[in-house]
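Hi,

Here is the structure I promised to pass on. Have a look at it first, and then read my notes below.

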Number of protein chains: 2
Amino acid sequence: MATLKDVAALAGVSVKTVSNVVNGYAFVKPENRRRVEEALTATGYRPHLGARNLRRGRTGFLALVLPELVVPYFAELAGLVLGAAQEHEWNVLIEQTLGTREGERDTLASLGPHMIDGAIVSPEALQAGDFGELAPGIPVVMLGEHSVDLPIDHVGIDNVEAARVAVAHLVGLGRTRIAAIGAHPHRGTAAQRLEGYRRALAEAGLPVREELVATAVNYHRRDGAEAMSRLLAAVEPPDAVFCFNDLLAVGAVRAAAERGARVPDDVAVVGFDNTEEGGYSLPSLTTVAPDKAAIARAAVDLLRRRVDDPGRPPEHVRTPFSLVVRESTRG
Amino acid sequence: MATLKDVAALAGVSVKTVSNVVNGYAFVKPENRRRVEEALTATGYRPHLGARNLRRGRTGFLALVLPELVVPYFAELAGLVLGAAQEHEWNVLIEQTLGTREGERDTLASLGPHMIDGAIVSPEALQAGDFGELAPGIPVVMLGEHSVDLPIDHVGIDNVEAARVAVAHLVGLGRTRIAAIGAHPHRGTAAQRLEGYRRALAEAGLPVREELVATAVNYHRRDGAEAMSRLLAAVEPPDAVFCFNDLLAVGAVRAAAERGARVPDDVAVVGFDNTEEGGYSLPSLTTVAPDKAAIARAAVDLLRRRVDDPGRPPEHVRTPFSLVVRESTRG
DNA sequence: CGATCGCTTTACAACGTTGTACCAACGATG
DNA sequence: CATCGTTGGTACAACGTTGTAAAGCGATCG
């Protein structure tokens, strides 16, 4: 592989001059610049990023830390982050934590301070305080949970409001026994969506029945199906369900079908995330649609600014969302 | 951040001795080893991978090049590759090509020879000859398409046989007008699955009707839906459809429902890939289930061996598959 | 008792790049 | 004509790591 040395030899100039041309330094004699550029293409020179990193202290890598790629929301998000990062000439290192707190710890620790310029983290189990100790000095942008008290950059939608809108939609259909699937003791987003759920019920003058709030350990299809089965087996089953993500909703729809409950006639279902899958399921899912592209873009932009100026005050970016109404809540 | 120098100073030994301890060199006096290890933990030393790369010539990175993360099959595969790579102490760099030949070219070219130890590529549009020129000297393992003539390591299932089995299953249900969705002029896997389709029909003494072979530009849900709509609009619609991946099948099922065709009563549907989504769709999908974990493991193993010994003859690994029969073909 | 051997450690150089310091040529200025 | 600033170029060191060569040190052998 061609190095600066090779190119310099071919062009008849010093190594540094070639480096200057490569880096767009202004004061290079046109004649020399031409010669160097020729030599550059002739040798097919590619800078050695490891060496550059060693010298400059920047790696050109960004870590995207998320629970699981098999969860469509994260897969879609990852794709968008990849695209956004490319525009900043960043390469993306995707790390799966598998949703465990340990996984999130290990990942951040193992990446070390040298390998990445910064990280975009979608925390699931990670607690607030963990960040300071785990990623000392690593610029981090958090996704999802909105904890204003943390001195960390953050991007996300207003989860409380989004959940409220979703449940208000169910209320608007005339449903009164509205269940929630996805409560979780240690997840920030779960708490916020639950809060929005409560708020919508309160606004409608409906009571919050604890037996209609189903927890979900993970947010997979299986968990949604199990929760829905439990709910439908009750003496007074719900006439609507708000699921904290689309996967839960897909599982819930499936479980409803298996138990002979019609969606939306007997149970209306609302999901969250607007994954493509929800648009094709039978019935198609009404869902909260966060602007994922905006999230990805904002996260990368924020990280860029943080890297360029580590001292700046942390910023909280709220990205827009909308409610997409489809068959699962349309008589 | 602590460097070897810092650790050495603290332990009162030379830098190299610390390096030796870090790298597990056998001949270090126990006393010194102890002191170094203490200093190591005291300083929280983490090797600088860029520097190590520069020195060793290995980066510790592996590129996973695939069309799109939003396609569940690739998301699942990516997750598994991430896991398998971890066991080899490899970090994974995921690159999306978006299925275009240009994307695949650019990706391989931009990664350059320095950034990665090797690449696992799931080609979609890339032509056979492209590899030699694009990735000169980069160890590559190909996934999916099985082109024995290429001097490149390769992992995949027997696509022809898998397709044959899938279609034979439909034949076994007594279906006679069996359609195929997913034909594509430039995709190796498409050609092979089509071949398996033809073979199964031939074995059953059924004619191959060209009007029952639907092409799909991409392999997304939308394409499956469009193809299914076209097929069902025909004078003599099919009574079964073999889709070249699960996404196409999901789209096909949706289109069938929209046109009032019952699955499987009116049209039986078989997918390919055994994505989790297919197991929860209504009806759940009968599908060809490649052993994705085996594919991921084999690919990483193969790459490891190729990296360690660039001269070895290329190997073609066939991973197992099975047919998972579910509601979409069960009366 | 000197030579030899195995273990242990170290100094040094090098990987490819870029920042710093410095030098040289040049035209313009006083 | 001496001085100065601008422009263009180079040599050198350093980023953190590890391979190489070599040296120090006991112990063992002839």
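**What holds the DNA**

Let's start with DNA strand C: α2 and α4 of chain A, together with α2 and α4 of chain B, each supply at least two residues of the surface near this strand. Here "near" means that a heavy atom of the residue lies within 4 Å of the strand. Helices (H or I, at least four residues) and strands (E, at least two) are DSSP runs, numbered from the N terminus.

Before we go on, a word on the model: it is predicted, so local features need pLDDT of at least 70 and side-chain atom pairs count only at pLDDT 80 or more, while totals for chains, interfaces and linings use all residues. Residues are numbered from 1 along each chain as its sequence is written, chains are lettered from A and ligands numbered from 1 in the order in which they are written, and side-chain values use heavy atoms, with hydrogens and water left out.

Back to strand C. Which element gives the most to the surface near it? That is α4(A), with 5 residues. Of the 27 residues around DNA strand C, the ones that come nearest are Leu4(A), Tyr45(A), Arg55(A), Thr17(B) and Asn32(B). Of the strand C atoms that come within 4 Å of the protein, 65% belong to sugar and phosphate. The surface residues divide into 11 nonpolar, 8 polar and 8 charged. In this count Ala, Val, Leu, Ile, Met, Phe, Trp, Tyr, Cys and Pro are nonpolar, Asp, Glu, Lys and Arg are charged, and the others, Gly among them, are polar.

Some polar contacts reach the bases. (A polar contact is a pair of N or O atoms within 3.5 Å; within protein, one must be able to donate a hydrogen and the other to accept it, and residues adjacent in sequence count only if both atoms are side-chain atoms.) A side-chain N or O atom of Lys16(A) is 2.9 Å from a base nitrogen of DNA strand C. For a side-chain N or O atom of Arg55(B), the distance to a base nitrogen of that strand is 3.2 Å, and for a polar backbone atom of Ala51(A) it is 3.4 Å.

Now DNA strand D. It has 25 residues around it, and Thr17(A), Asn32(A), Leu4(B), Tyr45(B) and Arg55(B) come nearest. The largest share of this surface, 5 residues, comes from α4(B). Sugar or phosphate makes up 67% of the strand D atoms within 4 Å of the protein, and bases the rest. A polar side-chain atom of Thr17(A) lies 2.5 Å from a phosphate oxygen of DNA strand D, and a side-chain N or O atom of Arg52(B) is 2.8 Å from a phosphate oxygen of the strand. Ala51(B) turns to a base instead: one of its backbone N or O atoms lies 3.4 Å from a base nitrogen of DNA strand D.

**How the two chains meet**

How many residues does each chain bring to the contact? Chain A and chain B bring 46 residues each, with contact meaning heavy atoms within 4.5 Å. About 4100 Å² is buried between them, and carbon and sulfur atoms give 66% of that. (Buried area is the accessible area, with a 1.4 Å probe, that two parts lose on being put together, summed over both.) Of the area that chain B buries against chain A, His114(B), Arg254(B) and Tyr280(B) supply 19%, more than any other three residues.

There are 4 salt bridges across this interface, each a side-chain nitrogen of Lys or Arg within 4 Å of a carboxyl oxygen of Asp or Glu. Arg254(B) forms a salt bridge with Glu327(A), with the closest N and O atoms 2.4 Å apart.

Chain B can be laid on chain A with an RMSD of 0.2 Å by a turn of 180° and a shift of 0.1 Å along the axis, using least squares on the C-alpha atoms of residues with pLDDT of at least 70 in both. The two copies are therefore related as by a two-fold rotation axis. In chain B, Gly50(B) comes closest to that axis, at 2.3 Å (C-alpha).

**Two odd spots in chain A**

A cis peptide bond joins Val263(A) and Pro264(A), with omega about 5°. Another joins Leu282(A) and Pro283(A), with omega about -5°.

Cheers
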